[in-house]
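Colleague: Could you take a close look at one part of this model for me? I'd like to hear about the helix pair and whatever sits between and around it.

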Amino acid sequence: MIGLFVQSIFSKLGSMSGGMMGNQMGGGFIGSFYIVMAVIYFFPVYYMFKFSTKLKAALRTNDNLELKAAFKFLKSHFKFVGILFLVLTVLYPIVFVIALSAGALAFLA
């Protein structure tokens, strides 16, 4: 919701200033970034929710199959978080090098 709000606010600011301000502020990029992050963040939260509901049901009914299903969701949660951590660990140095080179190019120009 924040991503859509940011996109709409920045587009309004851009239209009020004749289009110059909205392009400089990057509202479309920022709003899209928020939306992508919300979609990525949905999955670990969903897995934890399913784990908690299945665990609660398993403990209430003393059902081992339900407990096994609950721990599968916990495994999926940690697998997703681990993969996300590895991807971000690889991307951070790449983004850092790109930012440094873009800064150097802007300094030289």
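Modeller: Here is a walk through that part, starting with how far to trust it.

Keep in mind that this is a predicted model. The chain averages a pLDDT of 86, and 85% of the residues score at least 70. Confidence peaks in α4, at a mean of 95, and bottoms out in helix α2 (residues 20–25), at 52. Where pLDDT is low, the predicted coordinates should not be read in detail. I'll leave α2 alone on that account and stick to α3 and α4.

Let's begin with the link between the two. Glutamate 66 makes a salt bridge with lysine 54, and their closest N and O atoms are 3.5 Å apart. The cut-off for such a contact is 4 Å, and by that rule the count comes to one salt bridge. Glutamate 66 belongs to helix α4 (residues 64–108) and lysine 54 to helix α3 (residues 27–61), so the pair ties together parts that are twelve residues apart in sequence. What about exposure? Both ends come out partly exposed: glutamate 66 has a relative accessible area of 22%, and lysine 54 has 21%. Buried would mean under 20%.

Between the helices there's a loop, and asparagine 62 lies in it. This residue has a phi near 55 degrees, a positive value in a residue that isn't glycine. Asparagine 62 is also exposed, at a relative accessible area of 68%.

Back in helix α3 we find serine 52, partly exposed at 36% relative accessible area. Serine 52 is 19 residues from phenylalanine 71 in sequence, yet their C-alpha atoms are 9.4 Å apart in space.

Now for the rings. A search of the whole structure turns up five aromatic pairs. One of them joins phenylalanine 42 and tyrosine 46, with 5.7 Å from centre to centre and 20 degrees between the planes, which makes the pair stacked. Planes under 30 degrees apart count as stacked. Phenylalanine 42 and tyrosine 46 are four residues apart in helix α3, so about one helical turn separates them. Phenylalanine 42 is partly exposed, at 48% relative accessibility, and tyrosine 46 is partly exposed too, at 34%. Both rings belong to an aromatic cluster made up of Phe42, Phe43, Tyr46, Tyr47 and Phe80.

That leaves the empty space. The largest pocket holds about 250 Å³. Which residues line the largest pocket? They are Phe33, Met37, Ile40, Tyr41, Pro44, Val45, His77, Val81, Leu84, Val87 and Leu88. Both helices take part, since α3 and α4 each supply at least two residues of this lining. The largest share, six residues, comes from α3. As for chemistry, the lining splits into ten nonpolar residues, one polar and no charged. His77 is the polar one, because Phe, Met, Ile, Tyr, Pro, Val and Leu all count as nonpolar.

To pull it together: α3 and α4 are tied by the salt bridge between glutamate 66 and lysine 54, and both contribute to the lining of the largest pocket.

Terms used. Residues numbered from 1 in each chain as written. Predicted model: local features only at pLDDT ≥ 70, side-chain atom pairs only at ≥ 80, totals over all residues. Heavy atoms only, no water. Salt bridge = Lys/Arg side-chain N within 4 Å of Asp/Glu carboxyl O. Buried < 20%, exposed > 50% of the residue type's maximum accessible area, 1.4 Å probe, protein only. Phe/Tyr/Trp six-rings, centres within 6.5 Å; stacked < 30°, edge-to-face > 60°. 1 Å grid on protein atoms, 1.4 Å probe; cavity = no way out; pocket = protein on both sides within 12 Å on 5 of 7 lines; lining within 4 Å. Points joined across faces, edges and corners; volume = space filled by probe spheres on them. pLDDT = per-residue confidence, 0-100.
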